[in-house]
Each structure stands twice: as C-alpha cells, then as structure tokens.
Amino acid sequence: MADSKLKPRSQRDGEEGPDGGWGWVLLLAMFVSTSLVFGLMRSLGVFFVEFVQYFEESAQAISWISSIGLAAQQFFSPLGAALCNAYNTRLVVMAGGFLSGLGLILASQATCLVHLYLTMGLISGLGWGLVFTPMLATVMANFTRRRALAVGLGFSSIGLSSFAFNPLFQLLVETYAWRGALLILGGLSLNIVVCGALIRPECSSKAPAKVESQSKQSCSDMLQRVSSYLEVSLLCERPYLTYTLGVTFFNFGYFVPYFHLVAHSRQVGFSEYRAAFIMSAAGVTDIFGRIASGWFSDLGHFRIIHLLTLWTVLAGTFIILLPVSSLSGSYTALMIISLLYGFCSGALTSLVFAVVPMIMGVERMMGGLGLLQLIESSAGLLGTPLSGWLRDITGNYVASFMVAGSFVLLGSLTMTTLPGYFSCTDPPPPQRPTLIENSETLHLELGPENSYSSEFNHQAVEQTAR
C-alpha cells in the first residue's frame, strides 16, 4: 500500500528512528559535505580582497560573487528536494558534488567578474543546492531522539573547516595566486561525490509517496505530482510561512561577518594573517556552539524554539558589536566579540533546522527544507551586496554590521508570532497528509487533527485534494 512507501524501514509501524547504525555513516558524509559547502563559502572572504585588487572593482560588485553562490544554493534547493523525491537521493548529491567542483575549476580561468558570477556563483551554487538539503534531510530522517545533536555534529564541520580553511586559503593564494587556489578548491570539492555515494537508496530521506508512472497522464495529474514533490501545500500554512519569514530575516545578516569581517579587520590595520585568524578563531567557537546547543536542546529542559530565539538575539547583538569593538584598534576586543559571535551563530544553526520537523512533520521535511531555502535565497542574494554598498558609501563596515545585526534581531522578533510560541510545552507533532493512489486520481487523507496548527493544515489538505 501507499503507506508503506512513505516510511523507510527504520520508521515503519510507528517506530522511532534508529538513532544509529548506518545513520552515523550518513552523518559522517554530511560532516564532510557541509564543510565543503558552507565551510568553503564562509572562507571566501580571503579571496574578496584579491578580487578587488585584481579586477579593480567596488566592494559591492565583488560581493555579488558570494551572494549569487549563496542565493543559487538556496534557490535550487527545491529542485534538489524534488529530484530526490522523484528519483534517487544518491545520484542527486553526487551530481551536486560534481557541479560544485566544476564551478570552482572553471572560475580559476575567469577573466572578468561575469565569469565568476556564472562559475563560482551559478554553477557551484547549483551544485551546493543539490547537496545540502538532501544530505540534511537524509540525516534528520535517520535520527529521532538525538536529532538536534546529530544536526549539531554534522554542522560542526562548518566551524572546523572555517578554522582550517581561512589560513589555508591565504597560504594557497600567496603560493599559487587566486587562480591556482581556486583550482585546488575545485578538486577538493569533488570529494562530495564520494559522500553522496554513501547514501543507500533505502536510507534516503522521507519523501512523499511516489506515484507509479502511468502511460497517459493529464496536465492536472502532472501538476499534482510536482506539487507533491515540492510540498507546495506548506505555503498555505501560517506556522510554516511565519517561520520561513523569520529565517529569511536571519539570512539577511547571518553571512555578512563571514564575507566582510576579514576585509574589515584589514581595513582597521590588522595584518592579513591576523585578520584571517579572527575568522578561524570564530570557527572554533562555532564548533562548540553547534554541539553544545544540540546536546542541551535534546535534554528537553526548554522548548527548542525558545532556545533558538535566545541564540539569534545574542548573535544579532554581537554582529552589531563587531565594528564597535575594533574602533579603538584593539585586536583583543575584536577577537573576544568574534569568539562570542561564532559560538552563538553556531548554536542557532543547529536549532534552525531542528525546529523544521516540528513545524511540518518529518515526512514533508525534504520538500519543506527546499521551499525554505528557496524563499530565504532572496535574503542571501541581497544581504552581502547591501553590506558592500553601505561600505562603499560610508567608507567603512560599521553601518554594514549594524544593519546586518538588526536584520537578525528582526527575525528573532518574528519568531515570537508563531502560534503557541509562549506556551511552555511543544504542540503535538504534525500529522502527515497521506498520498493514496486509486484508479483515476490522487486523494489526500489526513489523520486525526494532531498538527502544529490544525486549522491551517486542514486548509492545505483540502486545497491540494481539489
């Protein structure tokens, strides 16, 4: 029956996830792949100054390289989720690893900024989009009780790689120039293909039921299938939209320090290696933040959404304090604030994705994560160029960090409007709409009202059934 298709072996018949077994191998694959996606993305600030000097362009123009890459990763996440739901997660991740490496290899031959926009930005960003969401959803589907800890461990590689990559990239740039450095990074990124190969077909993330192909299908049937793969019905649910809006505000300011803190540190007079070391040190506390946050939230003493709000408020505050701490030229003050920001930014990242199954349910997580990434891609696209534009018109990065931190605080405020936010207990987990195939059409049946917001889930189901 269709119900058996919806649940992998590990969670059929109402059982919880295995919290172990092959899931730990998948966690290791996620550890490596995320380091080669976001760890690399965070460390591109080392190339920022090189690009400004080589192409003789403004900070805003150079900022579009990283912004296009980030926005493409998020924009194409629904495509990756839909392809995984319709076909094979392993092949999708392996293809994404190949594209991410190809984009960086081609970028090493760039002769103008447009080439970097297309290669480092669009091609690598497409590859990252095909990797991140499927790997994350696959790991989360294989853990239940220790899900937040598993996500924290998987994401800890981002902080570890940030610590290692910043001085490494600086060394590569000085030894082989920026072209040789990008060529090496392209080859390094191809290791994501190996990570994708570790995904077992039967261990792929919980996807919506895949309807058997028919020789003849009407246009409405095809649209219904596409809507099913993308989980478009989530756009009719207030909790999901509210949460997505809050995360979008986070995204406006979250990545600004990773792209501009090195340039800011050099502008205030610190050497290249001291500037790069600031981001490396922040990467270390980022690791501890991700693991500590995931471990503490799994203890169940506080609601995850409340802990997420706490960490985002602290992260936004420390972003605002970053330029203030360096106005006096104190390297120690800037380092302390950077360490605190690194811890808080790592802590909130583990919880941002741990909340997702509570909003939409595990079974809709693949498509829901893809839509979330798509919507927040606008913020990823505009956040860093806005920061660069403010630097161009003010001559420094003070206003850039102030605005970035304010967006993060605004996202925290948005989270407080979630239904039941001020309750001391979590609402019951959402009940998944079940796809059942009959001879002519697809129908949606929803179990007893047991959702984060049953009113909105009922409306979404009725609209999709029509």
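In this predicted model, helix α11 passes helix α17 in a right-handed crossing. The two helices, α11 spanning residues 238-254 and α17 spanning residues 365-394, have axes that come within 8 Å and cross at roughly 35 degrees. On the α11 side, the contact is made by Tyr240, Thr244, Val247, Thr248, Asn251 and Phe252. Their partners in α17 include Gly368, Leu371, Leu372, Ile375 and Glu376, and further along the helix Ser378, Ala379, Gly380, Leu382 and Gly383. Sorted by character, the residues of this contact comprise eight nonpolar, seven polar and one charged.

Aromatic rings offer another way into the structure. A search of the whole model finds 22 aromatic pairs. One of them joins Trp24 and Phe143, whose ring centres are 5.0 Å apart; with the planes at 75 degrees, over the 60 degrees required, the pair is edge-to-face. Trp24 belongs to helix α2 (residues 22-42), while Phe143 sits in the loop between α7 (113-141) and α8 (147-189), so this pair ties together parts that are 119 residues apart in sequence. How do the two partners differ in exposure, buried or partly exposed? Trp24 has 35% relative accessibility and counts as partly exposed, whereas Phe143 is buried, with a relative accessible area of 0%.

A second pair is formed by Phe75 and Phe76, with ring centres 5.4 Å apart and planes at 85 degrees, so this pair is also edge-to-face. Phe75 is partly exposed, its relative accessible area being 46%. Elsewhere, ring pairs link a cluster made up of Phe47, Phe51, Tyr54, Phe55, Phe165, Phe169 and Trp178.

Charged side chains meet aromatic rings as well. Arg200 lies over the face of Trp22, at 3.9 Å from the ring centre. In a similar arrangement, Arg274 places its charged end over the ring of Tyr331, 3.9 Å from the centre of that ring.

To return to the surroundings of Phe143, a helpful residue to look at is Ala150, which lies in helix α8. Which residues does Ala150 contact, once its neighbours within four places in sequence are left aside? The contacts are with Leu27, Val139 and Phe143. Leu27 is 123 residues from Ala150 along the chain, yet the C-alpha atoms of the two are separated by 7.1 Å. Ala150 has a relative accessible area of 2%, under the 20% limit, and is therefore buried. Phe143 thus appears twice in this account, as the ring partner of Trp24 and as a contact of Ala150.

Terms used. Residues numbered from 1 in each chain as written. Predicted model: local features only at pLDDT ≥ 70, side-chain atom pairs only at ≥ 80, totals over all residues. Heavy atoms only, no water. Phe/Tyr/Trp six-rings, centres within 6.5 Å; stacked < 30°, edge-to-face > 60°. Helix = DSSP H or I, 4+ residues; strand = E, 2+ residues; numbered from the N terminus. Buried < 20%, exposed > 50% of the residue type's maximum accessible area, 1.4 Å probe, protein only. Lys NZ or Arg CZ within 6 Å of the ring centre and 35° of its normal. Axes fitted to C-alpha atoms, helices over the stretch in contact; angles between N-to-C directions. Left-handed = near helix turned anticlockwise from the far one by under 90°. Contact = heavy atoms within 4.5 Å. Nonpolar A, V, L, I, M, F, W, Y, C, P; charged D, E, K, R; others polar.
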